[in-house]
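Student: I'd like to go through one part of this model slowly, with the rest of the chain as its setting. Could you walk me through it?

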Amino acid sequence: YRPTLIDHMGFCLKVVGLSVLFAAISVYLIDLWIDTKSYTFDHDAIAAIAKKYAGENHEVAFKEVESELRKHYGAHIIPNPRWVFVNAGGWMGAMYVLHASLTEYLLFFGTGVHTSGHSGRYILNISDTVITGKYLQWPEGGTKTKTYLPGDVIFHGSGETAAIEWDSDTWMVEYGRGFIPSSLCFALADTVFSTTDWSILWNTVKVYAGAMLHEFTVAFLT
């Protein structure tokens, strides 16, 4: 028996159907896990610490925030953070990762130059507390732009997207909670397909992987 075109189409439809079913089940299980697990950090707690230093010189503010975070969260903050560039969604900035796992990250973020682009769309909730500068957000589905200044908290919900813009010398404290790997394609795509700066790619992967390994050690081996 030689398979016909209809047989091949039927097989392809089965594969597609099973793939969609598997994806739907995976998303449901991830959402269930995210909704029911316990977390190390909290959006309001991080924002409360960051707001104390809003409006100050960002380098001074970051030192104070990092010191408080180490007092509150101990070994969950990685020992030797460093600044690395980030290219994503058409914009360019820098991040200073303090913590990362499969479901949480905590970092300082900002830019020394004016930059703008796409926010990305993820399966996680992100909050940013502005320390210095100005941030603009144009949410999907509307015609009005929101402006955020030092001390303001920006919230980017799971599944949401926006056009975003930073003034030069805008710096913030960022906390994300959800399925962090869902953001990696967006975070790395510009570097892979546009700038082709493999050093930035390596640094980004190295920092995230190192922070995850550190948290695994803290959570399970201590």
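Student: Of the 222 residues of the protein, what percentage count as buried? After that, please take a close look at helix α3 and at what covers its buried residues.

Tutor: Happy to! The model is predicted, so local features are used only at pLDDT of at least 70 and side-chain atom pairs only at pLDDT 80 or more, while totals for chains, interfaces and linings take in all residues. Residues are numbered from 1 along each chain as its sequence is written, and side-chain values rest on heavy atoms, with hydrogens and water left out.

To your first point: 39% of the 222 residues count as buried. Buried here is under 20% relative accessible area, exposed is over 50%, and partly exposed is in between, using a 1.4 Å probe and protein chains only. The protein has 5 helices and 10 strands; these are DSSP runs numbered from the N terminus, with helices being H or I of at least four residues and strands being E of at least two. Along the principal axes, the C-alpha atoms fill a box of roughly 75 × 50 × 35 Å. Among contacts between residues at least 6 apart in sequence, 70% join residues at least 24 apart, a contact being heavy atoms within 4.5 Å.

Now to α3 itself, which covers residues 58-73. A quick check on its length comes out well: at 1.5 Å a residue, its 16 residues should span 22 Å, and the end C-alpha atoms are 21 Å apart, which agrees. The expected span is 1.5 Å times one less than the number of residues.

Its buried residues are H58, A61, F62, V65, E66, E68, L69 and Y73. They take up an arc of only 165 degrees around the axis, so they sit on the same side of α3; the arc is that of the directions from the helix axis to the C-beta atoms. On the face turned away from this buried side you will find the exposed residues E59, K63 and K71.

Two of those buried residues are glutamates, E66 and E68, and both take part in salt bridges. Side chains of opposite charge can pair when their charged atoms come close. The term means a side-chain nitrogen of Lys or Arg within 4 Å of a carboxyl oxygen of Asp or Glu, and the structure holds 3 of them. In one, E66 pairs with R70, the closest N and O atoms being 2.9 Å apart. Both partners belong to α3, 4 residues apart, about one turn of the helix. E66 is buried at 14% relative accessible area, whereas R70 is partly exposed at 28%. In another, E68 pairs with K52, with 3.2 Å between the closest N and O atoms. This pair links distant parts of the chain, since K52 lies in the loop between α2 (43-51) and α3, 16 residues from E68. E68 counts as buried because its relative accessibility is 12%, while K52, at 53%, is exposed.

What, then, covers the buried residues of α3? The cover includes α2 together with β1, β2, β3 (104-111), β5 and β10 (170-178). Those strands appear in an open sheet of 6 strands, ordered β1-β2-β3-β10-β5-β8 with antiparallel pairing. At its edges stand β1 (83-88) and β8 (153-156), each with a single partner strand, so one side of each has no neighbour in the sheet. From one strand to the next the twist averages 30 degrees. Two strands pair if DSSP finds at least two bridges between them.

Start at the β1 edge: 6 bridges join β1 to β2 (residues 91-100), with N87 opposite M92 in β2. Helix α5 (residues 198-221) lies across β1 and β2, at about 20 degrees to β2. For such angles, axes are lines fitted to C-alpha atoms, for helices over the stretch in contact, and values run from 0 to 180 degrees between N-to-C directions.

Moving to β5, 8 of its 9 residues are buried, so this strand is largely enclosed by the rest of the structure. On one pairing, 8 bridges join β5 to the antiparallel β10, where L124 stands opposite G178. On the other, 4 bridges join β5 to β8, again antiparallel, with S127 opposite F155.
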